[in-house]
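Good morning, and thank you for joining this meeting. Please look at the structure as it appears, and keep the sequence beside it.

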Amino acid sequence: MTEPCPKTMEEISETAKAYYANLSDRQKRLGKEFFQAMDTDGDGKITLEEYAQCIKEKKGFKTISSPDFFKKLDKDGNGTLDFDEFIIVHYICSTERVYFCDECKVFLAGVYFTCVQCFNGSGNTYDLCSSCYRDKNINHHKDALFLDNYTLLQAKRQQNKASGSQRKSGASEAIALVETTSNVVSSCIQM
């Protein structure tokens, strides 16, 4: 499995810090309790063994329990996670933000591309890192339309604003999102 580059880990670190800074006092207390629960020997830092044991037990998070991923979290390279480094773990677990490229398996810490049709479907999404999307390393259905996560969010917002209280489902929702998306993309091209 390919690991995220330091730049994208810095991006998710900044996101996690912003997320944590805006939590309620109760949510921050729960975050500290999560840290203390992971720090089984109570020394104020989390070792790889403590981290891996706890993360493997959490449903859906086993993929981030590797030593390589732990090293990316350990920004100062001392072999342990202090609370500031742990905030990324808290963010990932709280938001269930565990996305990997469906081609090269890199952790998607920053911008990534999603198949719009799969996003609107009932099954799993199909997500790609920027490198796989750029290099056309795509083993997916031929009519797939991909949008980066930010553009997809804006397209969904515009679609919701346009439809008001009317709700579409299934194929009509996917078509409406594709139409909204092409409007967003056209607007960007005209800028």
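I shall speak first about the nonpolar cores and then about two loop residues. Please bear in mind that this is a predicted model.

Let us begin with the interior. The largest nonpolar core comprises 29 residues. Those with the most contacts inside this core are Met-38, Tyr-51, Ile-64, Val-89, Ile-92 and Phe-107. Which helices supply this core with at least two residues each? They are H1 (6-21), H2 (25-38), H3 (48-57), H4 (67-73) and H5 (83-95). Helix H5 gives the largest share, namely seven residues. There is also a second core, separate from the one just described, with 12 residues. Among its members are Phe-113, Cys-118, Leu-128 and Cys-129.

I now turn to the backbone. As a general rule, most residues other than glycine have a negative phi. Where, then, is Glu-96 found? Glu-96 sits in the loop between H5 and strand S3 (112-115). Although Glu-96 is not a glycine, its phi is positive, at about 55 degrees. Is Glu-96 buried or exposed? Its relative accessible area is 57%, and because a value over 50% counts as exposed, Glu-96 is exposed.

Lys-105 also deserves attention. This residue lies in the loop between H5 and S3. Its phi is positive, near 70 degrees, and Lys-105 is a residue other than glycine. How does Lys-105 count in terms of accessibility? With a relative accessibility of 40%, Lys-105 is classed as partly exposed.

To close, I return to the interior: the largest core has 29 residues, and a second, separate core has 12.

Definitions and conventions: Residues are numbered from 1 along each chain as its sequence is written. This is a predicted model: local features need pLDDT of at least 70, side-chain atom pairs count only at pLDDT 80 or more; totals for chains, interfaces and linings use all residues. Side-chain values use heavy atoms; hydrogens and water are left out. A nonpolar core is a set of buried Ala, Val, Leu, Ile, Met, Phe, Trp, Tyr and Cys residues joined through side-chain atoms within 4.5 Å. Buried means under 20% relative accessible area, exposed over 50%, partly exposed in between (1.4 Å probe, protein chains only). Helices (H or I, at least four residues) and strands (E, at least two) are DSSP runs, numbered from the N terminus.
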